Amino acid sequence: MNGGFGMNEATEAQDIYTVLHAKDQSCAVMTFGHADLRHARTIRILEKEMQQLPGQLKEPHLIVDMTGVKVVPTAILGLMLQLVADCKERNIACRFCCLDISVKKAFELLNVNKMVDIFRTRAEALQTEWKKKHGWWPF
């Protein structure tokens, strides 16, 4: 069912999030197209897609860029923690960046900030040991 809007789930998924890949396959960046991630259909699509993402990545690093996201329900926070765990199982380092103050507070309330690396900007997330290893920024 497409809700009468002529969009299938794959098209909607592309509307909800995007994964950018570095040309040399050193890093991937997940970005979101919605400020509010609490809609039931968004949660369902992200649940399916985030479960598959670690298995599809060829890169050893994933940055989840939360730029523009203002509302993150606990269901999505749970999916993000599962994404981190799944990445860790596959030796993929996962970092978060660009959290809005309300999202950052939600991370802190649930102690998510103690389980994942969080950076103020994408540049900072790309920097540190990744930059030291590669001597450049892939994006």
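Here is a short conversation about strand β4 and some side-chain pairs in a predicted model.

Biologist: Before we start, what should I know about the model and its numbering?

Modeller: Residues are numbered from 1 along each chain as its sequence is written, and side-chain values use heavy atoms, with hydrogens and water left out. As the model is predicted, local features need pLDDT of at least 70 and side-chain atom pairs count only at pLDDT 80 or more, while totals for chains, interfaces and linings use all residues.

Biologist: Happy with that! Is strand β4 largely enclosed or open?

Modeller: Strands (E, at least two residues) and helices (H or I, at least four) are DSSP runs, numbered from the N terminus, and β4 covers residues 93-97. Buried means under 20% relative accessible area, exposed over 50%, and partly exposed in between, with a 1.4 Å probe and protein chains only. Because 4 of the 5 residues of β4 are buried, the strand is largely enclosed.

Biologist: Which residue of β5 stands opposite Arg95?

Modeller: Two strands pair if DSSP finds at least two bridges between them. β4 and β5 (residues 117-119) pair in the parallel sense over 3 bridges. Opposite Arg95 in β5 stands Asp117.

Biologist: And in what sense do β3 and β4 pair?

Modeller: Strand β3 takes in residues 61-65, and 5 bridges connect β3 with β4. Within this pairing, Ile63 has Arg95 as its bridge partner. The sense of the pairing is parallel.

Biologist: How many aromatic pairs are there, and of what kind?

Modeller: Rings of Phe, Tyr and Trp (its six-membered ring) pair if their centres lie within 6.5 Å; planes under 30 degrees apart count as stacked, over 60 as edge-to-face and the rest as tilted. The whole structure has 1 such pair. Phe96 in β4 and Phe107 in helix α4 are 11 residues apart in the chain. Their ring centres are 5.7 Å apart and their planes at 70°, so the pair is edge-to-face.

Biologist: Which residue meets Asp36 in a salt bridge?

Modeller: A salt bridge is a side-chain nitrogen of Lys or Arg within 4 Å of a carboxyl oxygen of Asp or Glu. Asp36 lies in the loop between β2 and α2 and is buried at 17% relative accessibility. Its partner is exposed at 52%; at 2.8 Å, N to O, that partner is Arg38.

Biologist: Where is the salt-bridge partner of Asp100?

Modeller: The side chains of Asp100 and Lys70 meet at 3.1 Å, N to O. Asp100 sits in the loop between β4 and α4, 30 residues from its partner. Lys70 is in the loop between β3 and α3.
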